[in-house]
Amino acid sequence: MGEGERGAAQAAGIEPEVVDLAQLAGTEALEREWLELAERHEGSSYFQTPDWVLSWWDTLAARPRTRVAAWRDPSGRLDAIVALSRGRERLHRRLPLAVSVFANSGSGPGDGDHCAWLVGPERAEAVAEWLRDAVGRSTLLVRSAATQWPAEGLPAGARTVGLTACPRLALPVAAATGEPSKDFVRQLRRFGRRLERQGVRFEWVDPPGVDEPLLDALFELHAQGRHGGSFGRDKLAFHRQLSGRAEAGRGPAAAVARREGQIVGVLYGFWWRDTFAAYQQGWDRAFAREALGNQLVLHALEFATEHGARTFDFLRGTEPYKYRFGARDDWDRTWLVPNGLGGKLLAASRRRGRPAARPRPSD
């Protein structure tokens with residue numbers, strides 16, 4: 001296809017515009033259009049916004065080669081976008097051996113959920129065709145796609161290789177469901193009064209109010225716990241960028257516990273549309289007997305509801321406390337389109353994800 005034909009196809013909305021992300025970074029016009037697309041895309045998440053993807057690319061991912069394909073409708077309005085990064089995927093988390101893949105930008109490092117591309121059913125076929133040509137004989141890995149994401153947007157041969165439970169809770173909490181139980185809430189209220197007598201107060205920090213001192217406190221308090229995982233200070237630059245991109249109604253937010261002006265607990269997450277996604281927390285272990293971790297969740301639920309949230313997303317993981325608050329599992333799906341030897345090895349190392357049994361809440 002010649003340049004003239006390609007330009008006509010792009011104008012007609014058939015062919016996408018394709019740019020290197022290194023050229024796109026800092027291009028405010030397309031970033032704004034991308035954000036507007038995410039805002040009107042049904043079921044979109046914060047992890048699909050340019051805030052998350054561009055910050056991820058610049059920090060955690062160390063600027064991998066990435067192409068961005070953008071489709072427009074006949075009026076010229078952006079109606080689908082795909083950011084495709086070159087990277088490597090380990091065959092097993094405990095082994096250093098990795099294979100080369102193309103993957104959805106914003107996934108993997110950083111533990112983003114619901115982070116497949118902004119593609120509606122009407123664009124799925126065109127996106128699948130472009131992806132087939134873009135990856136060629138390489139393997140394609142689409143991590144953490146929401147349940148409703150259109151699988152028709154993937155090339156032939158796509159298979160599910162993982163399911164991840166992402167519990168969530170509808171707000172306001174409905175007493176009719178019986179969860180959280182009255183006894184559980186009553187217990188937390190009793191602990192809350194004990195914290196109050198010790199001078200602990202809770203507050204809500206809206207975007208763009210999450211600043212560097214708050215992030216520093218979060219990382220320090222998180223390190224005191226036995227959380228495990230990969231949330232270390234090497235991620236601080238990434239979260240600084242997220243905070244720097246935040247605006248009212250979008251970006252990092254937090255429920256914060258303070259005692260005599262000092263931060264003793266943080267539940268940190270992301271506000272997007274009518275959802276608060278709880279991402280990480282840290283709290284002073286001196287308040288373990290008062291269940292400060294659960295207190296942060298309870299206050300975050302209340303604060304989020306007061307500020308208009310309709311969903312509290314606990315994100316990945318089946319920790320029992322999430323279900324004690326009444327969360328129900330939703331699922332993210334990871335897709336693989338294997339090609340070549342690397343693809344065969346990766347496919348062999350993964351088996352189709354099966355829903356994990358809901359854990360029994362523990363006391």
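**Exercises on a predicted model**

Helix H4 (residues 50-58) lies across strand E2 (66-72), strand E3 (78-90), strand E8 (250-259), strand E9 (262-272) and E10, at about 30 degrees to E3. Helices (H or I, at least four residues) and strands (E, at least two) are DSSP runs numbered from the N terminus; axes are lines fitted to C-alpha atoms, for helices over the stretch in contact (heavy atoms within 4.5 Å), and angles run from 0 to 180 degrees between N-to-C directions.

The model is predicted: local features need pLDDT of at least 70, side-chain atom pairs count only at pLDDT 80 or more, and totals for chains, interfaces and linings use all residues. Residues are numbered from 1 along each chain as its sequence is written, and side-chain values use heavy atoms, with hydrogens and water left out.

**Exercise 1.** Describe the place and surroundings of Thr275.

*Solution.*
- Step 1: Thr275 belongs to strand E10 (residues 275-283).
- Step 2: Thr275 has a relative accessible area of 19%. Buried means under 20%, exposed over 50%, and partly exposed in between (1.4 Å probe, protein chains only), so Thr275 is buried.
- Step 3: Leaving aside neighbours within four places in sequence, Thr275 is in contact with Phe270, Thr311 and Asp313.

**Exercise 2.** Describe the sheet and its edge strands.

*Solution.*
- Step 1: The open sheet has twelve strands, ordered E1-E2-E3-E4-E5-E12-E6-E11-E10-E9-E8-E7, with mixed pairing. Two strands pair if DSSP finds at least two bridges between them.
- Step 2: Strand E1 (17-20) and strand E7 (200-205) each pair on one side only, and are therefore the edge strands.
- Step 3: From one strand to the next, the twist averages 25 degrees.
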